[in-house]
Amino acid sequence: MADKLLVVSVDAMHYDDIAIAREMPGFARILAQASVAEVEGVYPSLTYPNHAAQITGCPPATSGVYNNTQFQPWARRPEWFWDSRLLQVPTIFAAARAGGLTTAAVQWPVTANEPDVDWLVPEIASPQVFAGLEDQYRQTTNTQSFERYVLPNISLIHNDGRKGRYLDMVDEVSAQILRNERPDLMFVHLTALDFARHAEGAHGPHVERALRRVDAALSTFLDILEQTGERDRTSIAVVSDHGHLDVEQVTNLNVVLAERGFLRVSSTGELIDYDAYCLGGGLSGQIFLADGITPERRAQVAQLLAEIEADPRYRIEKFWTAEQARSDYGLDGPFTWVVESEPGVTVASALTGRPVVVAGDEGVPLKRGSHGHAPRHGGQPVLIVTGPAFTAGLDLGRRNMLDQAPTFAAALGLAMPTAQGTVMSDALVGSQVRV
Ligand SMILES: [Zn+2]
């Protein structure tokens, strides 16, 4: 059992990236005594459902986080699941608070307004909800975090719309909190590798470049733990949330639904109303039905989906009913079907344009990565654990994403009875859950 635990999510790190990371100084220091697992993530293989699982031990059907974005069909930019109040189950932060531990979270998804994090700088992927950056944090974190860490570092956020706008701020704030507050439990989310894979594809030299940036942050964390005398009492877990696949095609099911009269769009491209609507989730999607839809109309939608599934142009592998998705994947929500596309096919939410766009078409980049696919395809997430709580040098094989939160809790002597995963007791030194 450790005194402290630092969990670092390297967004979109593949298990196979370990071979590259091992040659880098920060990763090498962590991997030297580590136990390592390949991880089966939750479906959809998106950032928010998986990061929610990592702090709750629950799949989307239970956590409530079934996509990155909420179902807001009339919004031009639907909100992400940024607010912790959208979680329907307790977090590891609540367990830590109840156990008298201090906590921190930097850029971790679904942590805005999280009441059980002492030092909180949440990831906010929906800036349109707020009146600027200061307001975004004033409304989503506590006063001490806002004054001590957000305000002094807000100029490190590059407010120019590029996706990496938070990278510098997150590196700096997480280092400052680790050094100054020495929290018992800290979660940090590093996103450089995910951005690189989205921009340039699942594999290539950009992966190593992004991993070097992550490695520098890991080295800084290790140096701080050594300088503050906390290294020997701090266990470290490096995790990731999903892999990437190269995008080959975009299928816009709402365009097909509109063509067939199940969805109506104004001449300016705005949604008027719908019988059925597809919420894209990267390389998968979810079909929502209108409230009060008649059984006859619903049967017509089901008939169209069967046609789409049978038509090779769309490259849709299967429409799962929500009941099937819940029992096979732990995925459920207010939708009626889950759209599983073929690997590499994006299921988008566009209302207008062509129903099928192939990579390489005019204006569509050839090399681009994405995720959201069924977790059995492509590169798999990682779990790397080291430090006093964890057994050293084990190949832990293949483990489930849901096991992480209860295992992290157990590493600190805490129990998470609401987690649906199980404690990886073989990875823990003398695991005794304090109840
Ligand atoms: Zn991610």
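Donors are N, O and S atoms within 2.8 Å of the metal (3.2 Å for Na, K and Ca); water is not among the atoms, so sites may look incomplete. The model is predicted: local features need pLDDT of at least 70, side-chain atom pairs count only at pLDDT 80 or more, and totals for chains, interfaces and linings use all residues. Residues are numbered from 1 along each chain as its sequence is written, and side-chain values use heavy atoms, without hydrogens and water.

**Exercise 1. Find the protein donors of the zinc ion and place Asp11 and His242 in the chain.**

Step 1. List the donors. They are Asp11 (OD), Asp11 (OD), Thr47 (OG1), Asp241 (OD) and His242 (NE2). They lie 2.1 to 2.5 Å from the zinc ion.

Step 2. Read the spacing. Along the chain it is D-x35-T-x193-D-H.

Step 3. Place the pair. Asp11 sits in the loop between strand 1 (4–10) and helix 1 (18–21). His242 sits in the loop between strand 6 (234–239) and strand 7 (245–246). The two are 231 residues apart and link distant parts of the chain. Helices (H or I, at least four residues) and strands (E, at least two) are DSSP runs, numbered from the N terminus.

Step 4. Check burial. Asp11 and His242 are both buried (under 20% relative accessible area, with a 1.4 Å probe and protein chains only).

**Exercise 2. Describe how helix 9 packs on helix 10.**

Step 1. Take the axes, which are lines fitted to C-alpha atoms over the stretch in contact, with angles from 0 to 180 degrees between N-to-C directions. Those of helix 9 (residues 192–200) and helix 10 (residues 205–227) come within 8 Å and cross at roughly 165°.

Step 2. Classify the angle. Helix 9 is therefore roughly antiparallel to helix 10 (over 145 degrees).

Step 3. List the contacts (heavy atoms within 4.5 Å). Helix 9 supplies Ala192, Leu193, Ala196, Arg197 and Glu200. They meet His206, Val207, Arg209, Ala210, Leu211 and Arg213 in helix 10.

Step 4. Sort by class. The contact of helix 9 with helix 10 has six nonpolar, one polar and four charged residues.

**Exercise 3. Is Asn252 buried or exposed, and what does Asn252 contact?**

Step 1. Locate Asn252. It lies in strand 8 (residues 249–252).

Step 2. Read its accessibility. Asn252 is buried, at a relative accessible area of 5%.

Step 3. Look beyond neighbours within four places in sequence. Asn252 is then in contact with Ala348, Ala350, Arg354, Pro355 and Val357.

Step 4. Take one partner. Pro355 is 103 residues from Asn252 along the chain, yet their C-alpha atoms are separated by 4.7 Å.

Note on methods: Angles under 35 degrees count as roughly parallel, over 145 as roughly antiparallel, 65 to 115 as roughly perpendicular and the rest as oblique. Ala, Val, Leu, Ile, Met, Phe, Trp, Tyr, Cys and Pro count as nonpolar, Asp, Glu, Lys and Arg as charged, and the others, Gly among them, as polar. Buried means under 20% relative accessible area, exposed over 50%, partly exposed in between (1.4 Å probe, protein chains only).
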